[in-house]
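Work through the exercises below with the model open. Each task is followed by a stepwise solution.

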Amino acid sequence: MLLHAGSFALILLLTGYHVFLMFRRKGLLSQRNGTILAAVFAVLSGLALGAAGVQAFDFRWVVLAWIALIAAAAGAALGMAYGWQSAMNGFMSAVIGALLGSMLGGLFYESRLVVLVVAVLFIICSFIVQKAGEHLAHASHPPMKKSNLIKKPSSAVSTIVLAASLAVLAGGMLLTQDRIALGAIGQPKSLAAAIDEDNDMQVATIEVSAAGFTPANTDFEAKKMIKVVVDVKPRAGSGLKLVSQNLNVDADLKEGENIFLLSNPQPGTYDIAIPSKNFNGTLIVKAAH
């Protein structure tokens with residue numbers, strides 16, 4: 001969690017630095033170039049905040065709302081140096097980036113590596129945007145008159161396009177939320193149970209999310225008590241029931257940890273399922289060596 005929090009803070013700090021640069025270059029960039037530069041970085045900042053946020057706090061609507069709010073404030077600040085329309089474009093660009101970043105980040109199984117990659121890519125992109133801003137500022141010399149820099153009437157086409165794109169994206173996410181394969185990339189397919197020597201039992205945690213069981217297959221040894229912790233994530237849904245005909249299990253699942261104990265398990269493959277979601281997994285008990 002420390003890496004997640006640190007990456008999130010780093011993204012916000014770099015975004016704040018670029019807000020400072022936008023105001024510092026106000027007299028060196030035309031309104032058009034300043035607005036475009038602010039919108040580009042707003043998208044990048046939103047993408048990074050969205051991807052890092054869902055990796056840290058899971059893919060939930062309350063999390064998405066907070067991420068979008070933070071990204072929107074950052075985007076508006078980025079564009080504020082060039083007027084209300086630039087601020088509005090930055091606002092919408094950042095929210096679009098945050099929604100896209102949340103979807104892309106949510107496709108990957110929760111991992112520190114994903115957060116680290118997001119942070120590194122954001123640093124690289126920040127450097128590229130900074131250099132692009134410097135190039136545009138130098139290309140504007142000799143300095144143009146202030147009236148040419150910030151007082152030209154700007155077209156509302158870009159704002160309309162961004163607003164339409166945001167509406168389509170948000171609507172699409174609402175309509176397809178149950179079909180997004182969250183955590184599908186990088187999801188471990190099998191895992192061996194850990195040994196709790198103090199209690200002389202095998203312990204395994206199986207997460208239930210919108211992507212199904214993680215891991216899908218769990219290995220155990222025979223003739224040693226098994227403790228299975230079925231951890232139901234918020235996005236998995238409600239009214240779930242764990243069913244296993246092999247084990248004679250038919251139990252309701254609540255959000256959070258659900259504990260099942262199996263004494264003296266015999267070698268074999270035991271199927272587990274959540275029929276309402278069409279989730280399937282197996283507990284594989286191998287003969288003791």
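**Exercise 1.** With which residue does Lys131 form a salt bridge, and how far apart are the closest N and O atoms?

Solution.
- Basis: this is a predicted model, where local features need pLDDT of at least 70, side-chain atom pairs count only at pLDDT 80 or more, and totals for chains, interfaces and linings use all residues. Residues are numbered from 1 along each chain as its sequence is written, and side-chain values use heavy atoms, with hydrogens and water left out.
- Criterion: a salt bridge is a side-chain nitrogen of Lys or Arg within 4 Å of a carboxyl oxygen of Asp or Glu.
- Result: the partner is Glu134, and the closest N and O atoms are 3.4 Å apart.
- Placement: Lys131 and Glu134 sit three residues apart in helix H5 (residues 112-139), so about one helical turn separates them. Helices (H or I, at least four residues) and strands (E, at least two) are DSSP runs, numbered from the N terminus.
- General point: side chains of opposite charge can pair when their charged atoms come close.

**Exercise 2.** Classify the residues of this pair, then those of Lys233 and its partner, by accessibility.

Solution.
- Classes: buried means under 20% relative accessible area, exposed over 50%, partly exposed in between (1.4 Å probe, protein chains only).
- Lys131 has 39% relative accessibility and is partly exposed. Glu134, at 25%, is partly exposed too.
- Lys233 forms a salt bridge with Asp231, with closest N and O atoms 3.4 Å apart.
- Lys233 is partly exposed at 23%, whereas Asp231 is buried at 15%.

**Exercise 3.** Which strands hold Lys241 and Asp252?

Solution.
- Lys241 forms a salt bridge with Asp252; their closest N and O atoms are 3.8 Å apart.
- This pair links distant parts of the chain: Lys241 lies in strand E7 (residues 240-244) and Asp252 in strand E8 (residues 249-253), eleven residues apart.
- Lys241 is partly exposed at 36%. Asp252 is exposed at 59%.
- Extend the pair: Lys241, Asp250 and Asp252 are linked in a network of salt bridges.

**Exercise 4.** How many salt bridges does a search of the whole structure find, and what surrounds them?

Solution.
- The search finds five salt bridges.
- The protein chain has seven helices and eleven strands.
- Of its 289 residues, 44% are buried.
- Take contacts (heavy atoms within 4.5 Å). Among those between residues at least 6 apart in sequence, 74% join residues at least 24 apart.
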